[in-house]
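Reader: I've got a structure open and don't know where to start. Can you walk me through it?
Author: Sure, here it is.
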Amino acid sequence: LDVDMNRVSRKFNLENGYKILSQYFKDVKLVRFQSGLKITDTEHLAEYIMSLSERIRISVMNDYEGIIKYLNSKKNIDGVINISQDTGLFICSVKES
């Protein structure tokens, strides 16, 4: 099965899922989860950013120390960069025939 997940997530997501699912299910409930990443090592974050594309890698490498300094400035008092994620799931029950 070859699925383009970027295309799927543009068509079905937490914002439009209720409308889509309510066409097929009697009851639809969205449950959201509080989640995220806590980044402590800014060099690892910079390496991840550079892995996103060749153009980004070149941009970061042109000012690597500046990027690290910027990322370090974004740490909170606990020395962490919080990256939030919007996640959840739909709970559905079948429509009666």
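Reader: Which residues form a nonpolar patch on the surface?
Author: F33, L89 and I91 do, with about 260 Å² of accessible area together. Areas come from the Shrake-Rupley method with a 1.4 Å probe, and for residues only the protein chains shown count as cover. Patch residues have over 30% relative accessible area and no salt bridge (a side-chain nitrogen of Lys or Arg within 4 Å of a carboxyl oxygen of Asp or Glu). Like charges are joined within 9 Å, nonpolar side chains (Val, Leu, Ile, Met, Phe, Trp, Tyr) within 5 Å.
Reader: Is this a model?
Author: This is a predicted model: local features need pLDDT of at least 70, side-chain atom pairs count only at pLDDT 80 or more, and totals for chains, interfaces and linings use all residues. Residues are numbered from 1 along each chain as its sequence is written, and side-chain values use heavy atoms, leaving out hydrogens and water.
Reader: Where does F33 lie?
Author: In strand β1, residues 25-39. Helices (H or I, at least four residues) and strands (E, at least two) are DSSP runs, numbered from the N terminus.
Reader: Buried or exposed?
Author: F33 is partly exposed, with a relative accessible area of 40%. Buried means under 20%, exposed over 50%, partly exposed in between (1.4 Å probe, protein chains only).
Reader: New topic. Where does N76 lie?
Author: In the loop between α5 and β2 (81-94). N76 is partly exposed too, at 31% relative accessibility. N76 and T40 are 36 residues apart in sequence and 9.9 Å apart in space, C-alpha to C-alpha.
Reader: How many helices and strands are there?
Author: Five helices and two strands. From the N terminus, they run α-α-β-α-α-α-β.
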